[in-house]
Each structure stands twice: as C-alpha cells, then as structure tokens.
Amino acid sequence: MLSTLVLNPAKALIIAAAVFVPFERLAAAHPEQPIFRRGWAVDAVTGLMNGALLYGALMIALGAIDAAAAAAAPQLRLWIEARPIWIQAIFALIIGDLGVYASHRLAHTIPWLWRFHAVHHSAEEMDWLVGFSFHPIDLLILRVASLGPLVALHVTPAAIAIFVTVSGWQAWLVHANVRMPYGPLRWLVVSPEFHHWHHSAEREAYDKNFASLVACWDVLFGTVHLPRDSQPQHYGIKDRVPRSWRERMTYPFRRGKGAPSPSHDQEVAESA
C-alpha cells in the first residue's frame with residue numbers, strides 16, 4: 001500500500017518532467033523564465049505528499065457516494081454501465097469536467113474554500129509543476145466533485161481511468177510555460193493560453209476560465225476570458241501565501257475569519 005501511495009506520484013513526476021522540461025524550452029510562452037523557477041521544489045514535494053495524504057480520504061468519500069447512489073438510482077446506474085466504453089469515456093470527460101468547473105468556481109466564491117485554493121493561485125510564474133501545487137483539502141474537494149458524479153452514475157472503471165489519465169495530463173499541460181495555437185478549438189478545449197488567463201494578475205481576467213478540459217462550460221456560463229493576440233504578463237494574488245510546504249499546509253487554518261475570499265477582492269476594495 002505504501003508503495004502505491006508514494007511511488008505512483010513519484011513516477012508521474014518523473015514522466016511529466018521528461019516531457020515538459022524540454023517542451024517548455026522548445027515552445028516557451030515566457031522564454032526568459034528559468035527551468036527551475038523559484039518555488040519549484042516545494043511544488044514537487046506538494047505533489048508527492050498529496051498522493052500519500054489523499055488516497056484514503058478519497059476512497060472513503062467515493063465509497064459512500066457509490067453506496068448512496070446504488071440505493072437511490074439502481075436502474076439508471078445499470079443503464080449507464082451497459083453503454084459502450086467509448087460513449088462512457090466521452091460522458092466521463094464532459095461530466096467530470098463539469099464537476100471541476102462547479103467546484104472551482106465555488107472555490108473562488110466561498111471565503112473558506114478560497115483559503116485552501118489560494119495556495120494554488122500563489123504561483124507567480126507558470127510551469128507544469130504548478131499543476132501539482134494544491135492544498136490537499138482543495139485537491140480532495142476537486143477530486144470528489146469530478147469523480148463523485150461518475151462513481152454515482154456507475155461509469156465503468158475503464159472509462160473513469162480514461163478521465164483520470166486525460167485530466168492528469170491536462171493539469172500539467174495547461175499550467176506549462178508553453179505557447180500552443182489551438183485555432184478555433186480554443187473555444188472548445190482548454191489550452192495553456194486559456195488557463196494562464198485564469199491565473200493572471202490582470203484585472204480583466206479575475207475569476208474567469210474555471211474549466212480544466214471543456215472550455216464550453218465557461219462559454220456557456222459567461223465566465224470566459226480569451227482575448228486574441230495577447231497573453232498574461234503577470235501571475236499571482238494579493239494573499240501572502242508562505243513558501244514552505246509545512247506553512248502552506250497550515251496557512252488556510254491560520255487566516256482570520258472574514259479574510260478576503262476570492263482571488264482579488266482585496267485589490268478591488270483597495271482601489272474603490
């Protein structure tokens with residue numbers, strides 16, 4: 001069990017580094033950014049530790065969801081399970097990302113959720129390692145929101161595995177320091193450009209682009225920001241998030257009640 005919890009995140013980290021370190025050199029959005037930017041080691045440790053910290057809690061949560069759904073909607077679950085694997089995989093990618101959109105938007109809206117999500121948004125430079133930089137509670141909520149509906153509807157393990165693989169790869173790609181033209185697909189599929197705007201410190205991009213895979217969710221719900229022929233120049237937030245791993249883990253619990261919630265409320269209040 002210990003090897004499953006520790007070695008799998010380590011293997012993912014090694015594979016991602018082998019792909020994205022050279023990729024970021026070949027197609028950099030910000031060529032001046034160094035390979036090992038400030039804070040990279042903490043992000044790597046965060047990714048490794050989250051794999052060990054979240055597994056048990058996630059399995060318990062998904063098990064409870066599965067049991068409740070089996071009692072509440074057995075016929076619907078049987079019908080979905082009987083669909084061809086390719087249909088289930090497409091369904092999993094769409095519905096799973098809708099769960100990401102919903103929980104991500106709530107994390108920018110509800111003050112106590114933002115305290116955890118601020119750890120992820122504290123990055124002032126974007127690269128693939130930012131995809132590992134989440135507070136474990138923030139990541140747990142995100143995982144339950146995306147995988148919970150799929151488990152509840154009894155999507156087969158193979159289709160869920162496809163969603164997990166695609167969304168995991170996507171998490172590295174959209175944070176990577178790369179510039180990739182998606183053409184008309186930029187309104188359908190989340191690109192690095194799309195997600196970099198979500199992390200932008202520029203006012204017009206505040207609280208936009210919440211989807212992680214299906215850009216249509218932001219288009220549909222009016223939260224898209226994707227200007228042509230420009231890219232973000234600055235990233236990060238006003239919140240003073242500590243740099244060490246241990247302090248990041250305790251940071252959300254040390255903030256006072258009533259602290260500014262979503263991303264940029266503090267700046268808005270200061271400029272009013």
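**Figure 1. Nonpolar cores of the predicted model.** A nonpolar core is a set of buried Ala, Val, Leu, Ile, Met, Phe, Trp, Tyr and Cys residues joined through side-chain atoms within 4.5 Å; buried means under 20% relative accessible area, exposed over 50%, and partly exposed in between, with a 1.4 Å probe and protein chains only. The structure is a predicted model, in which local features need pLDDT of at least 70 and side-chain atom pairs count only at pLDDT 80 or more, while totals for chains, interfaces and linings use all residues. Residues are numbered from 1 along each chain as its sequence is written, and side-chain values use heavy atoms, with hydrogens and water left out. The largest nonpolar core has 13 residues, of which Tyr101, Val190, Phe194, Ala211 and Trp217 touch the most other members. Beyond its neighbours within four places in sequence, Tyr101 is in contact (heavy atoms within 4.5 Å) with Phe210, Ala211, Trp217, Asp218, Phe221 and Thr223. Another core, of 12 residues, lies apart from the largest one and includes Leu13, Phe20, Trp172 and Val178.

**Figure 2. The aromatic pair Trp112 and Phe116 in helix α5**. Rings of Phe, Tyr and Trp (its six-membered ring) pair if their centres lie within 6.5 Å; planes under 30 degrees apart count as stacked, over 60 as edge-to-face and the rest as tilted. By this rule there are 11 aromatic pairs. In one of them, the ring centres of Trp112 and Phe116 are 6.4 Å apart and the planes stand at 90 degrees, so the pair is edge-to-face. Helices (H or I, at least four residues) and strands (E, at least two) are DSSP runs, numbered from the N terminus. Helix α5 spans residues 111-121, and the two residues are 4 apart in it, which means a separation of about one helical turn. Trp112 counts as partly exposed because its relative accessibility is 48%, whereas Phe116, at 7%, counts as buried.

**Figure 3. The aromatic pair Trp169 and Trp172 in helix α7**. This pair is also edge-to-face, with 6.3 Å from centre to centre and 70 degrees between the planes. Both residues lie in helix α7 (residues 157-175), 3 residues apart, about one turn of the helix. Trp169 is partly exposed, at 38% relative accessibility, and Trp172 is buried, at 13%. Together with Phe20, Phe23, Trp128 and Phe132, Trp169 and Trp172 form one aromatic cluster.

**Figure 4. Surroundings of His175 in helix α7**. His175 has a relative accessible area of 4% and is therefore buried. Its side chain makes a polar contact of 3.1 Å with the side chain of His195. A polar contact is a pair of N or O atoms within 3.5 Å; within protein, one must be able to donate a hydrogen and the other to accept it, and residues adjacent in sequence count only if both atoms are side-chain atoms. With neighbours within four places in sequence left aside, the residues in contact with His175 are His120, Met126, Asp127, Trp128, Val130, Gly131, His195, His196 and His199.

**Figure 5. Ile237 and His121**. Ile237 is found in the loop between α9 (216-221) and α10 (245-254). Ile237 counts as buried, at 16% relative accessibility. Its C-alpha atom is 6.5 Å from that of His121, although the two residues are 116 apart along the chain.
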